[in-house]
Amino acid sequence: MTADAKPEILPVGTADLPRGALRRLVGRKLALFAMMVIGVIVGAALFAPLVAPFNPEEQFFEGLTLEGAPLPPGERFWLGTDLLGRDLLSRLIYGARTSLIIGIVANGIAVVVGAFVGILAGFFRGWVETLLMRFTDLMMAFPALLLAITLAAIFQPSLWIVAMVIAMVNWVQMARVVYTETRSLSEREFILAERAMGAGLFRILFRHILPHLLSTIVVFGTLGISTTVLLEATLSYLGIGVQPPTPSWGNIIYENQTYFTSAPWLVFFPGIAIIALALGFNLLGDSLREVLDPTQKGRH
C-alpha cells in the first residue's frame with residue numbers, strides 16, 4: 001500500500017457477515033421448514049396449469065348436490081366444491097398466484113420506497129430529514145387497514161390496483177427502520193473517518209452505508225410479505241380486493257362465507273393456506289434476522 005492510499009475502513013465483523021449465511025440458514029430446522037412450505041406454495045402457483053385438476057372457473061353440474069349445496073371433499077373433488085360447483089382445490093392453487101404476485105410486487109414496492117425515504121432522511125439530515133420523516137409520521141398516524149380500505153374503495157379494485165394500494169400503506173415501517181439504522185451508521189467512527197479523508201457523499205452512501213443496510217432490508221422485506229398477504233386477504237374478504245372470477249384466498253372465503261356452518265371446508269382450507277404462507281415467511285424472516293444479525297445470536 002502506498003503512503004497516500006486510503007485504507008478501506010470497515011467496522012469489525014461486518015465484512016464476513018454474509019459468508020456462510022445460507023449454510024447457517026439451512027441448518028436451522030424452522031428455517032428449513034419455512035422454506036419447504038414456501039417452496040410448495042410457490043411451486044404450485046408456478047405450475048398451476050399442470051398441478052390443478054380442473055379449470056378454476058369451470059362450473060360442474062355434478063359439483064352441487066340435488067339441493068344446490070356445495071359438495072364435501074371426496075374422491076373426485078379432493079377439497080370439495082364451492083357454491084357454484086367449482087373445484088375448491090383448483091381455485092386454491094390458482095389463488096396462490098394472486099397472493100404471491102401481490103405479496104411480492106406490493107412488498108417489493110414498499111421496500112424500495114421505504115428504504116429510499118429512510119436512507120435519504122437518515123443520511124442527509126436537515127430539512128430533508130424533517131420533511132420526509134414528518135410525512136412518514138403522518139402516514140403512520142392513519143390505521144393501515146382503514147387507509148387501505150379507503151384507497152381500495154376509491155380506485156377500481158383489480159390485481160395491480162390492490163398491489164399498489166397495499167404498497168402505499170406498507171412502506172412507512174421500512175422507512176422508519178432504515179432511517180434509524182442509517183442515522184446510527186452515519187455517526188459511526190468509520191464513516192466520520194471517511195468524511196475526514198475527503199470521501200464523497202455517494203461513495204460513503206453506496207460503499208459503506210448501503211451494504212450495512214442490506215441485511216436489515218432483506219429481513220424486513222421477507223417479514224413484510226406475510227403482512228402483505230394477510231392484508232390482501234382481508235381486503236378481498238371485505239369485497240374490495242381482487243375481484244371474482246380471479247381466484248384469491250380472501251375472496252374465496254368472501255364468496256362462500258354464507259356456507260360457513262353447512263360447508264366449513266370452504267372457509268377452513270383457504271384459511272389454512274393463508275396461515276401457512278404467512279407463517280412460512282414469518283419463520284424465514286426471523287431465521288434470516290438471527291443469521292444476518294450477530295447481535296441476535298442467542299436471543300429468543
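A residue counts as buried when its relative accessible area is under 20%. The views below show a predicted model.

**View 1. Aromatic cluster around Phe60.** Ring pairs join Phe54, Phe60 and Phe77 into a cluster. At a relative accessible area of 8%, Phe60 falls under the 20% limit and is therefore buried. The structure contains 6 aromatic pairs. One of these is formed by Phe54 and Phe60, whose ring centres lie 4.8 Å apart with 70 degrees between the planes. The geometry of this pair is edge-to-face, because the angle between the planes is over 60 degrees.

**View 2. The largest nonpolar core.** This core comprises 39 residues, of which Ile41, Leu88, Trp249 and Leu277 touch the most other members. At least two residues each come from α2 (29-46), α4 (88-124), α9 (201-237), α10 (249-256) and α11 (265-292). The greatest contribution is that of α11, with 12 residues. A second core, separate from this one, has 22 residues, including Ala110, Ala148, Ala163 and Ile240.

**View 3. Surroundings of Trp249.** Leaving aside residues up to four places away in sequence, Trp249 touches Ile41, Leu92, Gly95, Ala96, Ser99, Pro270, Ala273, Ile274 and Leu277. Two of these partners, Ile41 and Leu277, are named together with Trp249 and Leu88 as the residues that touch the most other members of the largest nonpolar core.

**View 4. Packing of α6 against α7.** Helix α6 (residues 144-154) and helix α7 (residues 159-186) have axes that come within 9 Å and cross at roughly 150 degrees. Because this angle is over 145 degrees, α6 is roughly antiparallel to α7. Their crossing is right-handed. On the α6 side, Ala144, Leu147, Ala148, Leu151 and Ala152 take part in the contact, and on the α7 side they meet Val165, Met168 and Val169. Ala148 also belongs to the second nonpolar core.

**View 5. Packing of α9 against α11.** The axes of α9 and α11 lie 9 Å apart, and the helices pack at an angle of about 165 degrees. This angle is likewise over 145 degrees, so α9 is roughly antiparallel to α11. The crossing of α9 and α11 is left-handed. Residues of α9 in the contact include Ser215, Val218, Val219, Thr222, Leu223 and Ile225. Among their counterparts in α11 are Ile274, Leu277, Ala278, Phe281, Asn282 and Arg289. Both Ile274 and Leu277 of α11 are also touched by Trp249.

Key. Residues are numbered from 1 along each chain as its sequence is written. This is a predicted model: local features need pLDDT of at least 70, side-chain atom pairs count only at pLDDT 80 or more; totals for chains, interfaces and linings use all residues. Side-chain values use heavy atoms; hydrogens and water are left out. Rings of Phe, Tyr and Trp (its six-membered ring) pair if their centres lie within 6.5 Å; planes under 30 degrees apart count as stacked, over 60 as edge-to-face and the rest as tilted. Buried means under 20% relative accessible area, exposed over 50%, partly exposed in between (1.4 Å probe, protein chains only). A nonpolar core is a set of buried Ala, Val, Leu, Ile, Met, Phe, Trp, Tyr and Cys residues joined through side-chain atoms within 4.5 Å. Helices (H or I, at least four residues) and strands (E, at least two) are DSSP runs, numbered from the N terminus. Contact means heavy atoms within 4.5 Å. Axes are lines fitted to C-alpha atoms, for helices over the stretch in contact, and angles run from 0 to 180 degrees between N-to-C directions. Angles under 35 degrees count as roughly parallel, over 145 as roughly antiparallel, 65 to 115 as roughly perpendicular and the rest as oblique. A crossing is left-handed if the near helix is turned anticlockwise from the far one by less than a right angle, and right-handed if clockwise.
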